[in-house]
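I opened this model to look up its nonpolar core, one of its helices and its pockets. My notes follow the structure.

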Amino acid sequence: MTIAEHIKRLELPAPAAHWLLDVWEAFQLLDDVVDQDKPIDRAQLDVGIYRLLVRLPANPFYLAHAEALSTMLSSAVLRWKASDAAERAGKADERSFVWRAGYYDLMLEVVRLCHGAETALLCARDVLSLYGENFADYRQEFPNA
């Protein structure tokens, strides 16, 4: 199942769903740029720039919840940086694996903002279980993990 299909199952308002998907696509593009493991053509880069500088900050859901969402985005970026630093230092482990999943914390916060805390509490395990990477695959990517 794709991330877009997972987001659709959360039954979010369209602006919230579009914002989450745009964040996902932005993270994927930036990770590819940093890792230099996948070629990025000019059209992909142009769409990514527009997404980052125009669509994400202008999204009505983001504008309505900017304080909470910017805090969650900051946390996701900081977690990604911590994981990346551990991986590049040859110190990838169970903790750095968990740090990579900050996007799903953001997803759960969007569920809370859209559907309320009670619903978020009921579906927290399901939302966080959407993290598609497993530790065995991570260990193969970083043999010292």
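I looked up the largest nonpolar core first and found 31 residues in it. Such a core is a set of buried Ala, Val, Leu, Ile, Met, Phe, Trp, Tyr and Cys residues joined through side-chain atoms within 4.5 Å; buried means under 20% relative accessible area with a 1.4 Å probe, protein chains only. Leu12, Trp19, Leu20, Tyr103 and Met107 have the most contacts inside this core. At least two residues each come from α1, α2, α4, α7 and α8 (117-128), and α7 gives the largest share, 7 residues. Helices here are DSSP runs of H or I, at least four residues long, numbered from the N terminus.

The model is predicted: local features need pLDDT of at least 70 and side-chain atom pairs pLDDT 80 or more, while totals for chains, interfaces and linings use all residues. Residues are numbered from 1 along each chain as its sequence is written, and side-chain values use heavy atoms, without hydrogens and water.

I then checked methionine 107. Beyond its neighbours within four places in sequence, Met107 is in contact (heavy atoms within 4.5 Å) with Ile3, Ile7, Leu10, Leu20, Val127 and Leu130.

Next I took α5, which has 23 residues. Leu69, Ala76, Ser83, Asp84, Ala86 and Glu87 are its buried residues. I noted that they pack against α2, α4 (60-64), α6 (94-99), α7 and α9 (135-141). Glycine 90 follows α5 and has a positive phi, near 75°.

Notes. Expected span 1.5 Å × (residues − 1). Buried < 20%, exposed > 50% of the residue type's maximum accessible area, 1.4 Å probe, protein only.
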